[in-house]
Amino acid sequence: FGSVLSTFTVEAWYYLNSLPAVNTVQCFVTQIYTSIAPANKINFSLGFNGTDGTGAYDGKINGGFYDGTWRLTAGFTPVVNTWYQCAITYDGTTIIQYTNGAQENTKTPAAPNIGSSTSKNFLMRRWDDVNFVDGRLSIVRIYDRALSSNEIKTNYHCTKTRYGLT
């Protein structure tokens with residue numbers, strides 16, 4: 001996507017061979033942070049983004065956006081050698097994180113200023129970290145609206161058998 005998404009859903013199916021090393025921030029899908037106007041914004045990011053507000057490594061998979069401050073969900077601690085579907089939605093007010101079709105947690109950022117500094121996306125790593133995610137990325141879906149809980153579940157149930165999930 002090359003434009004600002006005021007609402008969005010980002011979904012990814014992933015499999016981890018190992019967890020990232022401490023103090024690395026690797027993503028499944030994220031925009032590239034640049035200083036190009038409007039500067040200091042990332043429309044969406046899904047992966048090991050770090051702790052809400054600071055972006056400091058915490059070993060959890062979460063999602064959200066950056067508007068001068070990280071606006072992220074609390075996250076989910078994955079297990080290696082397992083397929084997962086992870087999705088984040090943003091409806092203009094609340095970020096919701098889902099794992100395997102089930103809602104994990106929510107975040108309602110105060111006075112967000114969502115935007116985008118680029119039309120470029122990275123897969124399996126962040127723009128500022130040379131380390132790639134050690135695993136597989138199978139499906140990435142980016143929508144220009146917040147999918148409903150039922151739509152997230154439908155995506156999960158329509159695809160899960162491909163990965164041996166029941």
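## A look around the fold

At 46% relative accessibility, Asp128 falls between the 20% and 50% cut-offs, so this residue counts as partly exposed. Keep in mind that we're looking at a predicted model. Asp128 sits in the loop that links strand E9 (121-123) to strand E10 (135-143). Its partner to check is Tyr33: the two are 95 residues apart in sequence, yet their C-alpha atoms are 8.2 Å apart in space.

Now for a contrasting spot. Asn155 belongs to helix H1 (residues 149-159). With a relative accessibility of 14%, Asn155 is under the 20% cut-off and therefore counts as buried. What is Asn155 in contact with, once its neighbours within four places in sequence are set aside? The list is Glu11, Trp13, Gln85, Arg141 and Tyr143.

Here are the two residues side by side:

| Residue | Where | Relative accessibility | Class |
|---|---|---|---|
| Asp128 | loop between E9 and E10 | 46% | partly exposed |
| Asn155 | helix H1 | 14% | buried |

Zooming out, the chain has one helix and 10 strands. Going along the sequence, the pattern reads β-β-β-β-β-β-β-β-β-β-α. Of the 166 residues in the chain, 51% are buried. The accessible surface comes to about 7,200 Å², and carbon and sulfur atoms own 50% of that. As for contacts with a separation of 6 or more, 63% of them join residues 24 or more positions apart.

Then there's the inside. In soluble globular proteins, nonpolar side chains tend to be buried together. The largest nonpolar core here holds 22 residues, and those with the most contacts inside it are Phe8, Val10, Tyr14, Leu16, Phe28, Leu46 and Ile61. Which elements give two or more residues to this core? They are strands E1 (8-16), E2 (27-31), E3 (42-47) and E6 (83-90). E1 gives the most, with five residues. Apart from this core lies another one, of seven residues, including Trp13, Ile139, Tyr156 and Leu165.

Ile61 makes a handy viewpoint on the largest core. Ignoring neighbours within four places in sequence, Ile61 touches Tyr14, Leu16, Phe28, Gly47, Phe48, Gly75, Phe76, Pro78, Cys86 and Gln97. Among these, Tyr14, Leu16 and Phe28 also appear with Ile61 in the list of residues with the most contacts inside that core.

Notes. Residues are numbered from 1 along each chain as its sequence is written. This is a predicted model: local features need pLDDT of at least 70, side-chain atom pairs count only at pLDDT 80 or more; totals for chains, interfaces and linings use all residues. Side-chain values use heavy atoms; hydrogens and water are left out. A nonpolar core is a set of buried Ala, Val, Leu, Ile, Met, Phe, Trp, Tyr and Cys residues joined through side-chain atoms within 4.5 Å. Buried means under 20% relative accessible area, exposed over 50%, partly exposed in between (1.4 Å probe, protein chains only). Helices (H or I, at least four residues) and strands (E, at least two) are DSSP runs, numbered from the N terminus. Contact means heavy atoms within 4.5 Å. Accessible areas come from the Shrake-Rupley method with a 1.4 Å probe; for residues, only the protein chains shown count as cover.
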